[in-house]
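Thanks for coming. I will keep this short and stick to what the coordinates show.

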Amino acid sequence: MSASERARLEVRKTYKLFVGGSFPRSESGRTYEALDSGGRFLANVARASRKDARDAVSAARKAFGGWSGATPYNRGQVLYRVAEMLEGRRDQFRSQLEAGEGVDRAGADEAVSAAIDRWVWYAGWADKIAQVHGSANAVAGPYFDFSLPEPTGVVAILAPRDSSLLGLVSVLAPVVATGNTAVVVSSYPRPLPAMTLAEVLATSDVPGGVINILAGDLAEVGPWLASHMDVNGIDLAGVEDPELAAAMEQAAADNLKRVLRPALPAWDVDDPGIERMTPFLEIKTVWHPIGV
Amino acid sequence: MFEYAPAPESRSVVDIASSYGLFINGGFVDSADGRTFKTISPASEEVLAEVTEAGPADVDAAVTAARRAYDSVWSTMPGRERAKYLYRIARILAERAREFAVLETLDNGKPIRESRDVDIPLASAWFFYYAGWADKLSYAGFGAYPQPLGVAGQIIPWNFPLMMLSWKIAPALAAGNTVVLKPAETTPLTALLFASVCQQADLPPGVVNILTGAGATGQSLVAHPDVDKIAFTGSTEVGKAIARAVAGTPKRVTLELGGKAANVVFDDAPIDQAVEGIVNGIFFNQGHVCCAGSRLLVQESVYAEVLDRLKRRMATLRLGDPLDKNTDVGAINSREQLTRIRELSEVGDAEGAQRWSAPCELPEHGFWFPPTIFTGVTQAHRIAREEIFGPVLSILTFRTPAEAVEKANNTPYGLSAGVWTEKGSRILWLADRLRAGVVWANTFNRFDPTSPFGGYKESGHGREGGRHGLAAYLR
């Protein structure tokens, strides 16, 4: 029997975390089993701990100055490049969605297309949101007065559980397009598309630390992010337990984080609006006298 | 300093009742449990009036009235009609401006010059500006059919009582909400007089309800299940408590909290103008200003000159009778606040900073604190970190622009900042890097209803003023 006739043994991937542009294992050494929609084993995935969350926050903080200081045009270009690379991973995402979400090939294909299109949509916002969300203010006096949106800072995102790619992109892209840096906790039962996205990001022009992705249980990691004093905002999108969400919102009050409450809208809409961008934008108003 | 003859504004323009009820559903009513408290003039400690302390039953009655008005009248009224009510209120406030200014100065202690020229005109302007939004909401950038939230519970501080009322009520009503507003316990009188403005304007009963009381009244309002929105201006500590209290509820919240603003003076700044800006930044309203420029950062090369001119300017400030039109610095709002200012200033002494106060005589009665600066302050000192909310300035120095940014941003707050330099590119460079919601360049403490105001970080979230201010009251 020739080699080509033998069933080839697949080389499996080790799924790790994505922090500061690298792929570390969890410092806790823990993993958990990601299963397909039929309950069959897919992979062992690194399971993030409190320490991993803190490392991810420091990486995101370190990256904030550069990313928020980059020109919006540059951010838009860098994010658009990610979309180009997502196209190249289409098959991989599709098979992960088929396995993880239990959708058929056409449904998975549609979700991948929608996710890529959504990424492009937000990439295009990077250099437009200031004009739409800022203002020139007609004050009653000899002053030039204008207001501009600026990113809030480091934003923690607890991604939706069910929509593991489109949902993820829908909560992540608005945060980074506006110049924030992000720490994402991916869908606990369906972490693989997030990890594939991490591989795309690692080879893209997005600087390390701008997007950090933790696989793990949001009930375990989320509260640490909610109470972390160097996190400026938190999106509770994927927190389905109301008591847990309330506890995290309470913890977030310690440093008055900007909080987006849990929401599981239909992700496959044509126009998601700007309401996932504005909560993580601060308005800065600048005054200067006018005179000779 | 020149001797000026006293020029007191007459008190006769305002009639203060001996006691006030709660303004619920268009009329004044007694509280369910009959509790009252007194409000005094901080300049003389004279009792001005007895005011009702609203309890949970009163809060419930007010919220019920606001809900009924929301459902039956206000949310269904065409925007152009709501607008006309707000225009009326703006006009009545302007017509009765002197009455409001005198009452504000009596109850708050601030100089009549400020209540007359700043507080009351801005309150009227705020209503006039938001009146015009009421029938243009679909152009405000929140979608084609933005909807009001419902009943707004609003809690305001004692430093700009009527102005803060206008910042809260005007956008809420323009957007179609009804309100229950609680003024601060030491300054309830202009809010109660505002109730009579609502009556004169024929505002439908229940659209605006005013509950006097202290912290417990505010807590009841925040906790009331039929309130859809909480808007609060006050301390960061209470702001955090409110954020915790609304967690897990559908209530929306905006918070405008404390600050410790840096006022940055570069060596090329026009020094005389900068000194005026420093004085305005910290001594305006006795420093009872959340966005006060309470940390002065001076470039080392001009430190001696700035300090010298600042002291000379401070020596000309006139402290005394707030009703006197010549007065620059009025009374501290309450004994409690005076105690806090004294304590933190003593901490400044104990930590090794050098105190200098303007040489001025303090009146015998009432609550007074002289305009004061501390030099030799480091970033670790409590007077450089904590909000004093009084006429106390901490002075630090810097050498490079980068160091100025580093020091200015070294605070959990982020409400405002000032920059003084002749170089335009440097202003914009700094404005870009200061983590603060308002940056005043070559000016300070300017406010306008068209101009969004609010904080970064622990100075709160949400904006008041401008198109952005409507976001707090629409969905």
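I will go through the chain contact, the sheets, the domains, the cores and a few single residues. One caution before that: this is a predicted model.

Start with the contact between the chains. Chain A and chain B bury about 2900 Å² between them, and 50% of that is on carbon and sulfur atoms. On the chain A side, 36 residues take part, and on the chain B side, 44 residues. Three residues of chain A stand out here: Leu256(A), Lys284(A) and Trp287(A) supply 23% of the area that chain A buries against chain B, more than any other three residues.

Next, a sheet that has strands from both chains. How many strands form this open sheet? There are 10, in the order 3(A)-4(A)-10(A)-17(B)-16(B)-11(B)-12(B)-15(B)-14(B)-13(B), and the pairing is mixed. Its edge strands are strand 3 of chain A, residues 135–136, and strand 13 of chain B, residues 354–357, each of which pairs on one side only. Helix 10 of chain B, residues 303–314, packs on the sheet and touches strands 11, 12, 13, 14 and 15 of chain B. The direction of helix 10 makes about 160° with that of strand 14 of chain B.

Within the chain A part, strand 4, residues 143–151, pairs with strand 10, residues 281–289. That pairing is antiparallel and runs over nine bridges. One pair to look for is Pro151(A), whose bridge partner in strand 10 is Leu281(A).

Chain A also has a five-stranded open sheet, with strand order 7-6-5-8-9 and parallel pairing. Strand 7, residues 211–214, and strand 9 are at the edges with a single partner strand each, so one side of each has no neighbour in the sheet. On average, neighbouring strands are turned by 15° against each other, direction ignored. Strand 5, residues 154–158, and strand 8, residues 233–235, run parallel and are joined by three bridges. In that pairing, Ile157(A) stands opposite Asp235(A).

Two residues of chain A make a useful contrast. Val259(A) is found in strand 9, residues 258–260. Is Val259(A) buried or partly exposed? Val259(A) has 27% relative accessibility, so it counts as partly exposed; the cut-off for buried is under 20%. Leaving aside neighbours within four places in sequence, Val259(A) is in contact with Ile234(A), Leu236(A), Glu249(A) and Ala252(A). Gly222(A) lies in helix 8 of chain A, residues 218–227. Its relative accessibility is 0%, so Gly222(A) counts as buried. With the same neighbours within four places left aside, Gly222(A) is in contact with Leu158(A), Asp217(A) and Met248(A).

Now chain B, which is divided into domain 1, residues 11–257 + 457–473, and domain 2, residues 262–441. Taken over C-alpha atoms, the domain centres are separated by 30 Å. The contact takes 31 residues from domain 1 and 33 residues from domain 2. Together the two domains of chain B bury about 2600 Å² between them, 56% of it on carbon and sulfur atoms.

On to the cores. As background, nonpolar side chains in soluble globular proteins tend to be buried together. The largest nonpolar core here has 114 residues. Those with the most contacts inside it are Phe127(B), Leu165(B), Phe194(B), Val208(B) and Leu310(B). Helix 5 of chain B, residues 161–174, gives the most to this core, with 10 residues. Each of the two domains of chain B contributes at least three residues to this core. Leu310(B) touches, among others, Val275(B), Leu296(B), Ile373(B) and Ile395(B), not counting residues up to four places away in sequence. Apart from this core lies another, of 88 residues, which includes Trp67(A), Ile129(A), Ile234(A) and Met277(A).

Last, strand 6 of chain B. Why is strand 6, residues 151–155, largely enclosed by the rest of the structure? Because five of its five residues are buried. Val151(B), Gly153(B) and Ile155(B) are buried on one side, and Ala152(B) and Gln154(B) on the other, so both faces are covered. Strand 6 runs parallel to strand 7 of chain B, residues 178–182, and five bridges join them. There, Val151(B) stands opposite Thr178(B).

That is everything I have.

Conventions. Residues numbered from 1 in each chain as written. Chains lettered and ligands numbered in written order. Predicted model: local features only at pLDDT ≥ 70, side-chain atom pairs only at ≥ 80, totals over all residues. Heavy atoms only, no water. Pairing = 2+ DSSP bridges. Helix = DSSP H or I, 4+ residues; strand = E, 2+ residues; numbered from the N terminus. Contact = heavy atoms within 4.5 Å. Axes fitted to C-alpha atoms, helices over the stretch in contact; angles between N-to-C directions. Core = buried A, V, L, I, M, F, W, Y, C linked by side-chain atoms within 4.5 Å. Buried < 20%, exposed > 50% of the residue type's maximum accessible area, 1.4 Å probe, protein only. Domains from an automatic or database assignment. Buried area = accessible area lost by both parts, 1.4 Å probe.
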